[in-house]
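Colleague: Could you take one part of this model and go through it closely, then work outwards from there? I'd like a connected account rather than a list.

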Amino acid sequence: MFDMEKTIVVALGGNAILAKDASYEAQKVAINRTAKSLARLVRKGNRLVITHGNGPQVGNLLLQQLAADSSSNPALPLDTLGAMTQGSIGYWLANSLANELTDIKPSIATVITQTEVSSDDQAFNDPTKPIGPFYSESEVAQLRQGNPNFQYKDDSGRGWRRVVPSPQPIRIREIDTIKKLVNNQVIVIAGGGGGIPVTYRNGQLVGVEGVIDKDLTSAKLAEQLQADELLILTSVDHVFLNYRKSNQIELDNLGIEDAEVLISNGELGAGSMLPKVMAAKSFVEKRPHARAIITSLDNLSQNSDEQIDGTIISNVSTGKVL
Ligand SMILES: Nc1ncnc2c1ncn2[C@@H]1O[C@H](COP(=O)(O)OP(=O)(O)O)[C@@H](O)[C@H]1O
Ligand SMILES: NC(=O)OP(=O)(O)O
């Protein structure tokens with residue numbers, strides 16, 4: 001499936017980084033495994049731009065900050081914590097990739113990325129982005145008493161999590177730098193956690209408290225880099241119709257109109273699969289000869305290079321959904 005020398009934007013989902021627990025050791029094991037799959041793409045001559053989620057990590061970092069003595073060690077704002085997770089996850093990925101590719105010794109760079117958002121974005125009034133650990137409903141009731149300003153929501157039936165504003169990405173500030181790096185055969189890790197949300201206030205660029213969806217930012221990255229492929233790696237190997245119902249159907253191919261139907265008819269989990277299909281659709285609309293693939297990391301590592309299995313979103317409608 002992967003031809004030579006494509007530019008591929010790879011969006012790494014949560015389980016590519018945090019599979020077992022939130023310890024450094026467990027996250028490094030998951031990232032080492034992820035790096036093995038990514039290395040195969042590099043060996044085939046593809047140019048890779050890697051972006052990654054940070055929901056669990058940024059939420060955990062926030063909890064560590066809040067647990068510290070605020071008079072001597074004040075908690076840092078969420079935009080700064082987002083930058084810290086870009087640094088830590090970028091370092092882990094660059095380190096694991098370097099160890100995987102000792103024979104070709106590629107140049108690898110992590111770009112601390114700022115993503116412009118609108119200060120008027122409705123998301124600031126309606127937090128939706130789940131971060132940090134999962135809680136039971138009774139734990140959430142207790143947490144609400146401790147801090148009534150924090151909001152929690154059920155995360156796709158998997159448990160309750162704190163939610164923060166998730167504004168729409170408008171522009172990736174470092175796109176020109178990323179382009180130069182890609183054109184010079186550098187493997188780039190960028191837009192981690194969707195990028196640090198920034199906006200203009202009184203003529204100054206300032207960070208704002210929120211966490212951008214990394215799938216939406218990856219679509220912007222892929223579009224602006226004129227990528228050939230947007231590869232979204234997550235925990236399921238396909239997008240499904242009637243997900244988790246007895247009549248569940250695996251979707252191999254989706255056209256733009258099919259994706260539109262899925263987006264509007266509530267087939268996709270709001271904080272989970274919906275942004276992935278939206279990102280894929282947005283990318284192939286802007287790049288009609290390119291394609292997006294939603295699949296699992298396992299699928300990527302288990303299938304032969306020519307036969308990766310997953311949901312392919314392209315300009316061609318199959319009529320399976322419509
Ligand atoms: N229609 C659907 N098809 C496939 N997966 C779906 C669908 N609706 C919701 N999901 C859920 O979306 C999840 C992937 O989203 P998420 O876990 O947020 O991704 P990430 O890997 O980026 O952290 C899957 O594990 C699955 O439970
Ligand atoms: N920022 C972001 O989208 O993170 P997750 O993918 O971990 O939710």
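**A hairpin and what surrounds it**

Modeller: Let's start in the hairpin of S6 and S7, where five residues sit between the strands and Ser 156 has a positive phi near 50 degrees. Most residues other than glycine have a negative phi, so that is a nice spot to pause on. Keep in mind that this is a predicted model. The chain's average pLDDT is 93, with 96% of the residues scoring at least 70, and the model's ipTM and pTM are 0.98 and 0.95.

On to the strands themselves. S6 covers residues 151-154 and pairs with S7 in the antiparallel sense, over four bridges. To put one pair of residues on it, Lys 153 has Arg 161 of S7 as its bridge partner. S7 also pairs with S5: those two run antiparallel as well, joined by four bridges. Here you can look at Pro 130, which stands opposite Val 163 in S7. As for burial, S7 is mostly covered, with five of its five residues buried.

From S7 we can step across to helix H2. S7 (160-164) is among the elements that cover the buried residues of H2, and so are strand S5 (129-135) and helix H3 (78-100). The buried residues in question are Gly 55, Pro 56, Gln 57, Val 58, Gly 59, Leu 61 and Leu 62. The geometry of H2 is easy to check: at 1.5 Å a residue, its 13 residues (55-67) should span 18 Å, and the end C-alpha atoms are 19 Å apart, which agrees.

H2 also leads to a ligand. Gly 55 and Pro 56, both buried residues of H2, belong to the surroundings of ligand 2. Gly 53 and Asn 54 are there too, along with Gly 13, Gly 14, Gly 193, Gly 194, Val 211, Asp 213 and Lys 214. Sorted by class, that shell holds seven polar, two nonpolar and two charged residues. Gly 13 and Gly 14 turn up again at ligand 1, where they are among the closest residues together with Thr 234, Gly 269 and Ser 272. Ligand 1 has 16 residues around it, and its shell divides into nine polar, six nonpolar and one charged.

H3, which helps cover H2, is a handy link to H1. The buried residues of H1 are covered by elements that include H3, strand S1 (7-12), strand S2 (47-52) and helix H9 (297-302). Which residues of H1 are buried? Gln 27, Ala 30, Ile 31, Thr 34, Ala 35, Leu 38 and Leu 41. Many of those numbers step by three or four, and there is a general reason to look for that: an α-helix has 3.6 residues a turn, so residues three or four places apart point the same way. H1 itself (24-43) has 20 residues and reaches 28 Å from first C-alpha to last, close to the 28 Å expected at 1.5 Å a residue. Just after H1 comes Gly 45, with a positive phi of about 95 degrees.

S1 and S2 bring us to the sheet. Eight strands make an open sheet with mixed pairing, in the order S3-S9-S2-S1-S12-S16-S17-S15. S3 (107-111) and S15 (253-254) stand at its edges with a single partner strand each, so one side of each lacks a neighbour in the sheet. For S3 the pairing with S9 (residues 186-190) is parallel, over five bridges, and Ile 108 has Ile 187 of S9 as its bridge partner.

In the loop between H3 and S3 there is Lys 105, another residue that is not a glycine but has a positive phi, about 40 degrees. Lys 105 is exposed, because there are 8 other C-beta atoms within 10 Å and the cut-off for exposed is 12 or fewer.

Arg 244 makes a good companion case. It lies in the loop between S13 and S14, has a positive phi near 65 degrees without being a glycine, and counts as exposed with 8 C-beta neighbours inside 10 Å. Gln 248 is in the loop between S13 (239-241) and S14 (249-251). With 11 C-beta neighbours inside 10 Å, Gln 248 counts as exposed too. Its contacts, leaving aside neighbours within four places in sequence, are Phe 240, Asn 242 and Tyr 243.

How values were computed:
Residues are numbered from 1 along each chain as its sequence is written. Chains are lettered from A and ligands numbered from 1 in the order in which they are written. This is a predicted model: local features need pLDDT of at least 70, side-chain atom pairs count only at pLDDT 80 or more; totals for chains, interfaces and linings use all residues. A residue is near a molecule or strand if its C-beta atom, placed from the backbone, lies within 6 Å of it. Ala, Val, Leu, Ile, Met, Phe, Trp, Tyr, Cys and Pro count as nonpolar, Asp, Glu, Lys and Arg as charged, and the others, Gly among them, as polar. The expected span of a helix is 1.5 Å times one less than its number of residues. A residue is buried if 20 or more other C-beta atoms lie within 10 Å of its own, exposed if 12 or fewer, and partly exposed in between; C-beta atoms are placed from the backbone. Two residues are in contact if their C-beta atoms, placed from the backbone, lie within 7 Å. pLDDT is the predictor's confidence in each residue, from 0 to 100. Two strands pair if DSSP finds at least two bridges between them.
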